[in-house]
Structure formats: structure tokens, C-alpha cells
Amino acid sequence: YSPLANRAKWTSNVVTYRVVSHTQDLPLVVVNQLLAKVLKMWSDEIPLTFKNVSWGTADIMILFGRRSHGDAFPFDGPGNILAHAFLPGRGFGGDAHFDDDEHWSYGSRRGVNLLSVATHEIGHSLGLLHSSDPNAVMNPTYRDVDPKNFRLSQDDINEIQKLYGKRNNS
Ligand SMILES: CC(C)C[C@H](CS(C)(=N)=N)C(=O)N[C@H]1Cc2cn(c3ccccc23)CCCCCCNC1=O
Ligand SMILES: [Ca+2]
Ligand SMILES: [Zn+2]
Ligand SMILES: [Zn+2]
């Protein structure tokens, strides 16, 4: 049970992100467009703006790595854990790491769908924990999705708005 009051969250309403390293599985431009779509899915629901930076330290540092990749949580080869992310905070806080021993795909039936995994990881980067709702992006287990109609579940929206409030699209 983690009372909302002391849940990790970003206190600034501008959060920076930087893609530090890429996967060979998808073109750079596709990964960047996909991430922008993921960030928009979340920021559409809350009063928070993402800003892409191309150098230096960003709040959310995004990387693809294999096995030991610079933190105390080495990846495990193909399958099993697909990615991990740190809750909001300084240093590693907010960072999202993807296991490059997975075959990352976007739309094709083969491989792991980067759209759904990245949406889950950015949920952690924003402070979300796991949900037991089988349809929630924040469910602990990966499910393949159809990118054409992939979107946040109501549970995901409720949980992120509990942390940051609603975005007033006035
Ligand atoms: C929800 C994801 C996007 C992110 C999470 C990791 S995290 C830190 N970001 N919550 C993840 O990778 N979960 C595993 C959980 C998992 C499922 N199994 C496992 C077998 C071994 C180890 C882990 C697992 C059963 C076999 C299927 C393995 C492939 C799919 N893996 C998963 O669903
Ligand atoms: Ca893995
Ligand atoms: Zn890591
Ligand atoms: Zn998770």
C-alpha cells in the first residue's frame, strides 16, 4: 500500500527526455516517432509537458542495452524481462532501459512491440506502479497489441490523474 501523498512524482510540469542509445531492430526515426507518440498518450491526460533534449542529462534517459548495462539491474537475454524503468527522482530516477536482446518491432507480428512496452515503461518513469487490470498498460505482463488501436486503458488514465491531476484542455 503506498499512500498517494508520498508517491514519487515529477514536481516540475516540464520533464525532459533523451534517447541515449538505439536498437538495431528499428530505424532511428521510427523509434523517435514512436516515443513521441507514447509521451503524448500520457501527457494528453495530465498537466505535464515533455521536452526532448539531444545532449546532456535529461530527466528521462532512454537506452537500449544487453545484460549488464550500467546499473545494478542487468538484463537477462532474450525473453523474460523485456525492459525496466525507475520511478521519478534524480540520477537514474525516471530512466527507461530496454533489453536489446529482445527483437524490437512496431506493428509486425514478429518480435516484441516497442509501442506497448515503451508505454508501460514511461508509466513507471512517471510514477505508476503495476495494475491488476488485465487491460491496463501497467499490467505486469506483456501482451502483444495492435498499434492501430493501442491506447491507455481507463485504469491507466485514472491512476496517472490521481498523481498529476487532469489536463484542462480549455
Ligand atoms: C510488462 C512489460 C512490458 C515489462 C515487464 C518488466 S517491468 C520491470 N518494466 N515491469 C516485463 O518484462 N514483464 C515480463 C514478466 C514475465 C512474464 N514471464 C516471465 C518469465 C521470466 C521473467 C519475467 C517474466 C512469462 C514468459 C513471457 C516472457 C516475455 C514477456 N515478459 C513479461 O511480460
Ligand atoms: Ca530479456
Ligand atoms: Zn537498467
Ligand atoms: Zn512494470
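Arginine 18 stands opposite methionine 61 in strand S3, and three bridges join strand S1 (residues 14-19) to S3, the two running parallel. This pairing belongs to a predicted model, in which S3 is also joined by four bridges to strand S5 (residues 96-99), again in parallel. Besides these strands, the briefing covers a calcium site, where six protein residues act as donors, and a zinc site, where three histidines do so.

**Strand S3 and its partners**

- Strand S3, which spans residues 60-65, is mostly covered, with six of its six residues buried.
- Ile60, Ile62 and Phe64 point one way from S3, while Met61, Leu63 and Gly65 point the other way, and residues of both groups are buried.
- On the side of the pairing with S5, isoleucine 62 has alanine 96 as its bridge partner.

**The calcium ion (ligand 2)**

- The protein donors of the calcium ion (ligand 2) comprise the side-chain labelled atoms of Asp76 (OD), Asp99 (OD) and Glu102 (OE) together with the O atoms of Gly77, Gly79 and Ile81, and they lie 2.2 to 2.4 Å from the ion.
- The angles among the six donor atoms range from 80 to 175°, and the site is octahedral; for six octahedral donors, the ideal angles are 90 or 180 degrees.
- Along the chain, the donors of this calcium ion follow the spacing D-G-x1-G-x1-I-x17-D-x2-E.
- Aspartate 76 is partly exposed because its relative accessible area is 27%, a value that falls between the limits of 20% and 50%.
- Glycine 79 is likewise partly exposed, with a relative accessible area of 26%.

**The zinc ion (ligand 4)**

- His120, His124 and His130 each provide NE2 as a protein donor of the zinc ion (ligand 4), at 2.0 Å from it.
- The site has four donor atoms with angles of 97 to 126° among them, and the site is tetrahedral; the ideal angle for four tetrahedral donors is 109.5 degrees.
- The spacing of the zinc donors along the chain is H-x3-H-x5-H.
- Histidine 120, in helix H2 (residues 114-126), and histidine 130, in the loop between H2 and helix H3 (154-164), are 10 residues apart, and the pair links distant parts of the chain.
- Histidine 120 counts as buried because its relative accessibility is 10%, which is under the 20% limit.
- Histidine 130, by contrast, is partly exposed, with a relative accessible area of 47%.

Note on methods: Residues numbered from 1 in each chain as written. Chains lettered and ligands numbered in written order. Predicted model: local features only at pLDDT ≥ 70, side-chain atom pairs only at ≥ 80, totals over all residues. Heavy atoms only, no water. Donors = N, O, S within 2.8 Å, 3.2 Å for Na, K, Ca; no water. Tetrahedral: all angles 85-135°; square planar, octahedral: opposite > 155°, others 65-115°. Buried < 20%, exposed > 50% of the residue type's maximum accessible area, 1.4 Å probe, protein only. Pairing = 2+ DSSP bridges.
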